[in-house]
Every structure is written in structure tokens, then in C-alpha cells.
Amino acid sequence: MTTKARQQRVEQLEEGLRSKFGAEIGGADLRALLGYKTGEAFRKAVSRGKIPVRTYLHPLRRGRFASARVLAEWMESLEQAGKEGET
């Protein structure tokens, strides 16, 4: 897949995430998108530095957040890794 096609796919994913969750995704939505079944599993991964995307603490809200863009880039990279593994 070309760089341009990858960029377009990231933009599609980001648009879908933004329309469903907004620009900042946190709480149970973030946990579920990253594949953690429980809040405790997510908290342990955070404390161990094992979260696969850059997250941040929001000064006016509780918990960790990630931008829709960062999540879209991560999701696209997973798709690419899956396609490469098929060959």
C-alpha cells in the first residue's frame, strides 16, 4: 500500500472515530478500542508503560485520553501488520 493510500485510510478511520466518539477518546471507549477487557487491565498496562498509543491526562477531566488521530494511525498500522502477515 502506498503512503498516500495509507494516509487516506488513516483519515477515514479518524473521521469514523471522531463521528462516534469525538476528537478526544477516553474512559471505557478508549479501553475498549485498545482491546482491554477491564478497567483494571487498562490501569495495569498504563502503570507498566504498555499502552500501544500516546495517552495523556486531561486537566479538566478524569482518566486518560488519546486523540482520534493517534488511534486511527495505530489502527491503520495494525491493519498493515495483518496484511503483511498474510503473505
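Leaving aside neighbours within four places in sequence, which residues is Leu 34 in contact with? They are Phe 42, Ile 51, Pro 52, Val 53, Leu 71 and Trp 74. The model is a predicted one. Its strands form an open sheet of 3, with helix α2 packed on that sheet. The largest nonpolar core has 17 residues, and Leu 34 is among those with the most contacts inside it.

**Sheet**

- The strand order is β1-β3-β2, and the pairing is antiparallel.
- β1 (24-26) and β2 (56-57) are the edge strands, each pairing on one side only.
- Between β1 and β3 the antiparallel pairing runs over 3 bridges, and Ile 25 has Ala 66 in β3 as its bridge partner.
- β2 pairs with β3 (residues 64-67) over 2 bridges, also in the antiparallel sense.
- Tyr 56 is bridged to Phe 65 of β3, and Leu 57 is bridged to Arg 64 of β3.
- The hairpin of β2 and β3 has 6 residues between the strands; Gly 63 in this hairpin has a positive phi near 90 degrees.

**Helix α2**

- Helix α2 covers residues 27-34 and touches β1 and β3 of the sheet.
- The direction of α2 makes about 85 degrees with that of β1.
- Leu 30, Arg 31 and Leu 34 are the buried residues named in α2.
- Viewed down the axis of α2, the buried residues lie within an arc of 100 degrees, so they line one face of the helix.
- Gly 35 follows α2 and has a positive phi, near 90 degrees.

**Helix α1**

- Helix α1 (residues 3-21) has 19 residues, which at 1.5 Å a residue should span 27 Å; the C-alpha atoms at its ends are 26 Å apart, in agreement with that figure.
- Val 10, Leu 13, Glu 14 and Leu 17 are buried in α1.
- These residues cover an arc of only 105 degrees around the axis, which places them on the same side of α1.
- In general, an α-helix has 3.6 residues a turn, so residues three or four places apart point the same way.
- Lys 4, Gln 12, Glu 15 and Ser 19 are exposed, on the face of α1 turned away from its buried side.
- Just after α1 comes Gly 22, with a positive phi of about 100 degrees.

**Arg 9**

- Arg 9 is found in helix α1.
- With a relative accessible area of 28%, Arg 9 is partly exposed, because that value lies between the limits of 20% for buried and 50% for exposed.
- Not counting residues up to four places away in sequence, Arg 9 touches Glu 76 and Glu 79.
- Arg 9 and Ala 72 are 63 residues apart along the chain, while their C-alpha atoms are separated by 8.5 Å.

**Nonpolar core**

- Within the largest nonpolar core, the residues with the most contacts are Leu 30, Leu 34, Ile 51, Val 53 and Leu 71.
- At least two residues of this core come from each of α1, α2, α3 (39-48) and α4 (68-86).
- α4 gives the most to this core, supplying 5 residues.
- In soluble globular proteins, nonpolar side chains tend to be buried together.

Note on methods: Residues numbered from 1 in each chain as written. Predicted model: local features only at pLDDT ≥ 70, side-chain atom pairs only at ≥ 80, totals over all residues. Heavy atoms only, no water. Pairing = 2+ DSSP bridges. Helix = DSSP H or I, 4+ residues; strand = E, 2+ residues; numbered from the N terminus. Contact = heavy atoms within 4.5 Å. Axes fitted to C-alpha atoms, helices over the stretch in contact; angles between N-to-C directions. Buried < 20%, exposed > 50% of the residue type's maximum accessible area, 1.4 Å probe, protein only. Arc of directions from axis to C-beta. Expected span 1.5 Å × (residues − 1). Core = buried A, V, L, I, M, F, W, Y, C linked by side-chain atoms within 4.5 Å.
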